[in-house]
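The exercises below deal with pockets, cavities, the sheet and single residues. Each task is followed by a worked solution.

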Amino acid sequence: MTLPAPPVKPDPDYESTEQELREDLAAAYRLFALYGMTDLVYTHLSMRIPGEGHRFLVNPYGLLFEEITASSLVVVDAEGKAVQETNWPVNPAGFVIHSAVHTARDNARCVMHTHTIAGMAVAAQEGGILPLNQISIGFHGRVAIHEYEGVAADDNLSERQRIVRDLAAKPCLILRNHGLLTVGWTVAEAFYWMWYLEQACRIQLAAQASGAKLSLPPREVVERTVAQFTTEKTKGWLPWQALRRKLDREQPDYRA
């Protein structure tokens with residue numbers, strides 16, 4: 001097999017076109033399906049698009065993630081209402097959490113939300129993410145928690161404010177008794193956080209299920225380790241290029 005040429009590291013301030021963002025987000029939907037991080041047609045991945053006002057790309061309601069393509073993504077406003085012609089409905093209630101985060105944080109251009117078994121299981125635990133592994137330690141101080149208030153509703157403005165307050169400037173949020181949420185400057189960054197947050201949850205459940213006494217590193221080791229993890233805008237970009245190449249080989253129709 002001929003190896004691809006090494007990708008050139010991007011300018012972190014480059015403004016992607018809407019088509020580029022559509023292809024990136026469609027790729028994320030396919031990868032969530034490929035790696036078992038979906039909840040049938042529920043949950044959303046969203047991306048702010050260039051231009052005036054608050055406009056976002058989101059999945060049409062009713063399609064499986066494995067069916068999403070760049071052209072099937074729907075442009076919605078801050079209330080989750082479609083602002084383009086579409087044959088598929090959108091789910092404004094499902095966009096409530098996304099809308100709150102997008103509009104409150106300029107760097108939360110991409111928002112990803114999951115209902116995975118591992119994520120929901122850890123969201124039901126009091127301790128959150130435990131520093132059980134190098135992956136898990138990377139989340140120390142970077143995961144916020146929002147307490148459960150029932151199904152998020154588009155008329156509950158006060159909860160939207162509390163979600164924003166609880167997330168603050170962090171890249172990750174555990175929605176207690178609900179699931180996981182990550183944000184990023186790019187699709188690649190939000191995917192990076194979600195991928196490894198999901199892995200941290202799976203590691204934690206596996207370690208707990210063993211029944212053995214858990215070994216937690218000293219606090220000073222945790223703090224030194226987490227300081228070694230970078231937080232630049234291009235975070236996750238390199239593995240994202242590899243994943244896009246994988247999709248181009250195996251599921252090239254995501255670009256359509």
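**Exercise 1: the largest pocket**

H8 gives the largest share of the lining of the largest pocket, six residues. The model is a predicted one, in which local features need pLDDT of at least 70 and side-chain atom pairs count only at pLDDT 80 or more, while totals for chains, interfaces and linings use all residues. Residues are numbered from 1 along each chain as its sequence is written, and side-chain values use heavy atoms, with hydrogens and water left out.

Task: describe the volume and lining of the largest pocket.

Solution.
1. Pockets and cavities are found on a 1 Å grid over the protein atoms alone: a pocket is an open set of points with protein on both sides within 12 Å along at least five of seven lines, a cavity is a set where a 1.4 Å probe fits but cannot get out, and lining residues have an atom within 4 Å of a point. A volume is the space filled by probe spheres set on the points, with grid points joined across faces, edges and corners.
2. The volume of the largest pocket is about 630 Å³.
3. Its lining has 29 residues, and Tyr 14, Ser 16, Leu 21, Asp 24 and Thr 186 lie nearest the centre.
4. Two or more lining residues come from each of H1, S1, H6 and H8. Such elements are DSSP runs numbered from the N terminus, helices being H or I of at least four residues and strands E of at least two.
5. By class, the lining has 12 nonpolar, four polar and 13 charged residues. Here Ala, Val, Leu, Ile, Met, Phe, Trp, Tyr, Cys and Pro count as nonpolar, Asp, Glu, Lys and Arg as charged, and the others, Gly among them, as polar.

**Exercise 2: Asp 24**

Task: place Asp 24 and decide whether it is buried or exposed.

Solution.
1. Asp 24 is found in helix H1 (residues 18-34).
2. Its relative accessibility is 17%, so Asp 24 counts as buried (under 20% relative accessible area; exposed is over 50%, partly exposed in between, with a 1.4 Å probe and protein chains only).
3. Beyond neighbours within four places in sequence, Asp 24 contacts Val 187, Trp 240 and Arg 244, contact meaning heavy atoms within 4.5 Å.

**Exercise 3: the sheet**

Task: give the strand order and say which strands stand at the edges.

Solution.
1. The open sheet has seven strands, ordered S3-S2-S1-S4-S7-S6-S5, with mixed pairing; two strands pair if DSSP finds at least two bridges between them.
2. Strand S3 (74-76) and strand S5 (143-146) each have a single partner strand, so one side of each is left without a neighbour in the sheet.
3. From one strand to the next the twist averages 25°. Angles run from 0 to 180 degrees between N-to-C directions, on axes fitted to C-alpha atoms, for helices over the stretch in contact.
4. Helix H6 (residues 187-209) lies across S1, S4, S5, S6 and S7 and runs at about 150° to S7.

**Exercise 4: the second largest pocket and the cavities**

Task: describe the second largest pocket, then count the cavities of 30 Å³ or more.

Solution.
1. The second largest pocket holds about 310 Å³ of space.
2. Its 16 lining residues include Ala 93, Gly 94, His 115, Val 151 and His 178, which lie nearest its centre.
3. H2 gives the largest share of this lining, three residues.
4. The lining divides into seven nonpolar, nine polar and no charged residues.
5. There are three cavities of 30 Å³ or more, and the largest cavity holds about 50 Å³.
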